[in-house]
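Visitor: I should like to learn how to read a ligand site and a strand pairing. Could you take me through the features in order?

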Amino acid sequence: MPSTPPINLRPFLETDTEFFAVMATDKRVTRFIGDGKSWDEQTIQERVRAALQQDPFDAVGSSRWFLATEANEPVGIIVSTRKEDGIEIGYWVSPIHWGRGVAGVMVDGALATIPQAYGTKKLIARVDPANTASAKLLIRRGFILETNHEGLDHNALV
Ligand SMILES: CC(C)(COP(=O)(O)OP(=O)(O)OC[C@H]1O[C@@H](n2cnc3c(N)ncnc32)[C@H](O)[C@@H]1OP(=O)(O)O)[C@@H](O)C(=O)NCCC(=O)NCCS
């Protein structure tokens, strides 16, 4: 693995929608997300709107996204949502940047900020076991497999 890229995380803005939309309409990216299909325009707009809504951190469903940049260029996003049993995180990296350690650095940044923001240490991540890179990065960061539901591994960091 090349040396760790310097990645900056900042709150997602409406002007980042186009960068997100390019990933959400790329089947390589959505392969292990939801039903695996690329997202339509309406779904993209709904999710972005929810992410920008800034619901209170203690409300179930409250969501915050972060844009990851490298040398001021967007490379990925971190998504986070409060669920009943913890804060669910997700991470998407633009395919041209895969395999460089970007997701690992993004998740390290998320682990350093998200628990404080939501006021809880319990983070969860749902991963398709076939998504090797995603599963590996969670294991390396201490996530533990709690259960498998409808084909997805439910991992938690407590
Ligand atoms: C999953 C994803 C985020 C990984 O991003 P990435 O920047 O390529 O990941 P990294 O380079 O940080 O690598 C993470 C780990 O996977 C390993 N890895 C990377 N690419 C791999 C591959 N093709 N096959 C196997 N392992 C791989 C790395 O070696 C690293 O493991 P290590 O920490 O034990 O060394 C990226 O492929 C992606 O955005 N996929 C689409 C969205 C998605 O599925 N998100 C996850 C579900 S929420």
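**Reading the ligand site and the strands**

Guide: Let us begin with the ligand, bearing in mind that this is a predicted model.

Visitor: How many residues surround the ligand, and which are the closest?

Guide: A residue belongs here if one of its heavy atoms lies within 4 Å of the ligand. In this model the ligand is surrounded by 21 residues, and Y91, V93, G99, G101 and R140 are the closest. By class, the shell comprises 11 nonpolar, seven polar and three charged residues.

Visitor: Which polar atoms lie by an oxygen atom of the ligand?

Guide: For polar contacts one looks for pairs of N or O atoms within 3.5 Å. A polar side-chain atom of R140 is 2.6 Å from a ligand oxygen atom. A polar backbone atom of A133 lies 3.3 Å from an oxygen atom of the ligand, and for W98 a polar side-chain atom is found at 3.5 Å from a ligand oxygen. On its own the ligand has 940 Å² of accessible area, of which the protein covers 78%.

Visitor: Which elements give two or more residues to the shell?

Guide: They are strand 4 (86-93), helix 4 (102-118) and helix 5 (132-140). Helix 5 gives the most, with six residues.

Visitor: How should I read the pairing of strand 7?

Guide: One asks for direction and for bridges. Strand 7 (residues 152-157) runs antiparallel to strand 5 (residues 123-127), with five bridges joining them; here L123 is opposite L157. Strand 6 (residues 144-149) also pairs with strand 7 in the antiparallel sense, over five bridges, and T147 stands opposite H154.

Visitor: What links strand 6 and strand 7?

Guide: The two strands form a hairpin with two residues between them, and E150 in the turn has a positive phi of about 50°.

Terms used
Residues are numbered from 1 along each chain as its sequence is written. This is a predicted model: local features need pLDDT of at least 70, side-chain atom pairs count only at pLDDT 80 or more; totals for chains, interfaces and linings use all residues. Side-chain values use heavy atoms; hydrogens and water are left out. A polar contact is a pair of N or O atoms within 3.5 Å; within protein, one must be able to donate a hydrogen and the other to accept it, and residues adjacent in sequence count only if both atoms are side-chain atoms. Accessible areas come from the Shrake-Rupley method with a 1.4 Å probe; for residues, only the protein chains shown count as cover. Helices (H or I, at least four residues) and strands (E, at least two) are DSSP runs, numbered from the N terminus. Ala, Val, Leu, Ile, Met, Phe, Trp, Tyr, Cys and Pro count as nonpolar, Asp, Glu, Lys and Arg as charged, and the others, Gly among them, as polar. Two strands pair if DSSP finds at least two bridges between them.
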